[in-house]
Every structure is written in C-alpha cells, then in structure tokens.
Amino acid sequence: MVLLQHKLSVKLSQRQILTPGLVQMVSVLALNKLELKDMINAEMVENPVLEELEDAVPLLDEVGKKEEDRDRAASATTEENPITATEKKDPFEEIDFGSFFQDYLDPGYRTHSEMEDIERPSFENFLSKPSNLTDHLTWQLGALSLRPEVREAADLIIGNLNEDGYLIATDEELLGAAPPASPEADEETARNIASEVQALGISDAIEEADAEDVSEQLQSADLAHNTPASLPSAVLSSDAATASIPSADFGAAVAPAPEPVIHPKYEPRFTPADLQEALQVVQQLDPPGVGCRDLRQCLLNQLRFHQLQLEQGKNGNGTAQVLLDAMAIVDLHLRGLQNKQYKEIAKAIGRPIEAVQAAFDYIRTLDPRPGLRYNKVQARLIEPDVAFVKHGDEWLVVMNDEDLPQLRLNPAYKKLVTRDGSNDKNTRDYVKERYKSAIQLIKNIEQRKQTITKVCYSIVARQQDFLEKGIDHLKPMMIKEVAEEIGVHPSTVSRAVASKYAHTPQGVFELRYFFSESVQGPEGSGTSLLILKRRVKKLIEEEDASRPLTDEQITRILQSQGIQVTRRTVAKYREDMRIPSTHQRRVKK
C-alpha cells in the first residue's frame, strides 16, 4: 500500500519568459507605418497620460495656465475697481431660462421618450457594405420556393464555396459522414484549378491581392513607381541610428501549443438526394459556373448557359456550332487542349483544325473563377516606411514618420502622483502605472525606429548597385548576415522588415525583396535567386512557340552564362513561377 504524504522538493530550471515591455517591443517592431499609427491612436484613447504633441494645438497644461492667468488678472481688476465691476455686471444674465421653462411651462405629463433612455442602434449599422458571393447567392435563393431540406442543403453548399466559387467540400463532408478537410487540402485544390487555368491560357482579369506568387516579385520597376509615397523632409544621419537607447535583442519566444478545439458533430436533416437537388439549384444561380467542383464542370455549365441564351436570342457571342464544338472539347478533350494538341482533337471530334481553334478562342472568353466577380478583393494601401535617398555620393535612409502622432507625457497628471494628502493611494497607483506604460511605449517606438534604420543602412550598403543600376544588379543577401552585422537576433531583422516597404530610385519594394539566396554566378560570384528566376522567365518569353525550350536547354544556356544550376533547379523555379512545361507551351502549326 502506497502512503500519501507531503514533501518539499527544489527544482532548478531555465525558461524563456518575456516581460510585458519586451512583448510590446516585439509587437511594435513588426508593425508597419499604418498599423503603428492605429496602435498609437488606440493607446492615446486608453491612456490619459499620453497626448499628441502638435504645434497648432495648445497643450492641456498650457490652456490651464492661460486660464489661471486670466482669472488672476480678472480678480485683480475686481479688487482694484469693485464698483466698476459691479456696474458692468448685467442682471439679465443671472436668469436661468432653462429652469424657468421647465418649472413654469410644464405640460403636466411626460412622454415615454422623455422618461425612458432607449438604447438605439448605431448609425454605423445602417452603412452600406459591398455584397459578396454568399450574399448574392443567398438573395437569389430566398426568391425560390424550395422544400426546407433542400433549402438547408443549398445554404450549406453556399457556405462551403471558396472565393473562386468552387465547391471544395465533398458529399460526405456535407452530409456529416466525414470530418471536414484541412485548410491545406483546400488550398491544394485551389492551386490545382489555378494550374489548369494557367495551362489553358484563359485570361483572368481579376488578380488575387494576397497570392504568394513569385512572378509578382518580378514585376517591372515602372509599376512600383505608381505607388504614392509621402516622405518627410528631415533626413536621419548615421549618428541618429546609434542613439543612446540600447539595442534590445529578442529572439523568438516559444509559445505553448494550442489545445485542440473539439467541434460538435454536424447532423444534417437532408438526404443525399436532397443534397444533389440543392447542388443543381445552386449551379443554376448567377453567376454561371458557380458551385462546381472542377474546371471542366465550371466551363461546361457556362457553355450550356450560353447555349440556352443563344436559343432564346439573348446571346450575340459565337454561333451554335462553335458552342457545340467547345462543349465537346471541354467535356472530353480538356487535357489535350491544355497540351495544345489541336490536330488530335480535330481528328477525334471530326472537325477541321480551324473549328478547334475557333472553339478554343471562345473557351478563352469564359470565366474560370466566377466567384471573384462578386468577391471583390480590397485594394491594399501601401505607404513606404522608409526611403533610400542619395545625397551627393552618400546614400541616406529617411524614415517616413510624417503622419505619425508625436507622443508626450501630460505634466498635469504629475500633481496626482505627489503625496500631499489630496489624492488617495489608488489614484496615485493608477497614475504611476499609466506613466510607466506611456514611457515604455515611447521607448519601444524609438527603439523600433532605430532598429529599422540600422537594418536599412545595412541593406543600402549591400545593394548600391541595385539602387543605381536597376533590378538586374540585385545581390544575394541573407537575414543572418544583416543580423550579425548590426548585432541582433535574426528574428529581430525578420520582424523589422516584415510588411514594410522602401521607396527607392527603382520604385517601391518590400524590404523582404532585398533578401534572397545565392547561386553560383559568373567568375565565382554569387547571383541572386530572383535574378536567376528573371532570366529563366525571360528565356521562356523570348522562345519560339513552335519549338519551346526544354529545361535541359535552359540549363545549358544559363551554364554558358556562368550560372551553375541543374535541370532540376530550373524545373523547380519554372513551377514556382507557374510556367507550363515544354509540352504545354508548344503551339502546333
């Protein structure tokens, strides 16, 4: 039998614990200019000790001092000339007309609105907001007469559509027989559809703002010049980058693993037959092609809709034969169309190659992502945090803090901290806590400014050829190298460049753009990975469409230019840029 007893034990361990001030420093460093501005405004609302320093607006203590001087001067005038001051006083101003009307003109009753304080909804609830695909489909669904089971299934289908309008959930998931798929699986499905669209060459006018595509980084510098940048006139010198505040080094803290969330099991009230009926109802709604599970079904539904419009005399695009050819190609030969096997397709459907080309041109006018018509992507506001300016022969870093509120401590609250007997202990403790929080915030903002400045000066020292000659002269640079140079942890540099942009003579670029791996370049020098991808893309753009370059041929061309890469590396970079393979790029004449 085991006896339970109490005993003491001493255990020595080391744990990484971040203080509240260090946690705030980490969060402030990762903010860009717009986010920092919102955070400062929120802190000024919560902390009464903080106030904005503006030259045009007088401070609270200055206003109080002026009022005290005015009252003191008025009292001195009254003491010197008491008779004159009494004569100037108008007795008509002493009448309280508000209480007069309330006491003597009382109707004898009060309405409910006067007696009760009713909490009315905010006017912000009445502001119009842009409708998305879910709202558009739900509005159409509400105008249809459906059975409750079919309506429930249709609502569930609409809720499981992705931004492109595709149904990403299986029938088993909708019926509750299988657990929902992971977000990674849904993203993989969306990427597969996007690759099929890319292989077909269907033009898509709507671009995803948050797509992590390498080709977006390879845009020309002229596009970057279109981004507005508001820059201050003051220039930070190199001495300002090494101010008296010490540089804090903070590594990545290990966060505890979140506990798994157990969701209640969904039990639908509809049958598989009701689900199929609801799916057909959703696929008949506007826009055409919504609610499909793959690209083939999406294009087929749009072609059938156009065929119905043509029969009703409402569609002027294309002819009946072109629609029939397009439907036959999409239904049975979509893979061959992606590989541009026009002769094989023409032979299979028994049509001339010109008809296949006409059908393909019509297919390219379809919308492979119908949901984006209503899921409008909001434009991202980009305002550069820094600017790289050349002053003579020296490159300077200009911090863009023109619109940021300049904080100061309100000296009027210092009176509440003194122990003169007029303030209780709770008031003094509250003011002291607010003072400490305000001072810590001001120090963290200044520390953020110095850290970003040091990182940017290191970037400028390494990328002068890029700033002066263009994007083709970008040099490889690692975050670890910059961290060792300025004496901080690599995670500090990673936070300092996160979501921040720099205005350069070559355009506006994200600070992370300057960091890239290196490959073996000419004469043993390092070549940036982005430059290598640009060269691969340029070679493919300039190739003969009837005889496109293979990955092996691209590898030999790069090796002849002094860049030592393998065929597998070229194929990987080509797939990263979503460029089709040689077989898919070939155009047969």
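This briefing walks through a small sheet, a helix that packs on it, and two backbone features. The model is a predicted one. Its open sheet has 4 strands with mixed pairing, and a cis peptide bond turns up between D286 and P287.

**The sheet**

- Reading across the open sheet, the strand order is β3-β2-β5-β6.
- At the edges sit β3 (394–399) and β6 (507–510), and each of these pairs on one side only.
- Neighbouring strands here are turned against each other by 25° on average, with direction ignored.
- As background, strands of a sheet pair through backbone hydrogen bonds, and they can do so in parallel or antiparallel fashion.

**β2, β3 and a helix**

- Strand β2 (residues 386–391) runs antiparallel to β3, and 6 bridges join the two.
- To find this pairing in the structure, look for V389, which stands opposite L396 in β3.
- Helix α19 (residues 425–462) packs on the sheet and touches both β2 and β3.
- The direction of α19 makes about 150° with that of β3.

**Two backbone features to look for**

- Most residues other than glycine have a negative phi, and most peptide bonds are trans.
- S499 is not a glycine, yet its phi is positive, at about 60°.
- You can find S499 in the loop between α22 (490–496) and β5 (501–504).
- Is S499 buried or exposed? S499 falls in between: it is partly exposed, with a relative accessible area of 36%.
- The peptide bond joining D286 and P287 is cis, with omega at about 5°.
- P287 also lies in a loop, this one between α13 (272–283) and α14 (295–311).

Definitions and conventions
Residues are numbered from 1 along each chain as its sequence is written. This is a predicted model: local features need pLDDT of at least 70, side-chain atom pairs count only at pLDDT 80 or more; totals for chains, interfaces and linings use all residues. Side-chain values use heavy atoms; hydrogens and water are left out. Buried means under 20% relative accessible area, exposed over 50%, partly exposed in between (1.4 Å probe, protein chains only). Two strands pair if DSSP finds at least two bridges between them. Axes are lines fitted to C-alpha atoms, for helices over the stretch in contact, and angles run from 0 to 180 degrees between N-to-C directions. Contact means heavy atoms within 4.5 Å.
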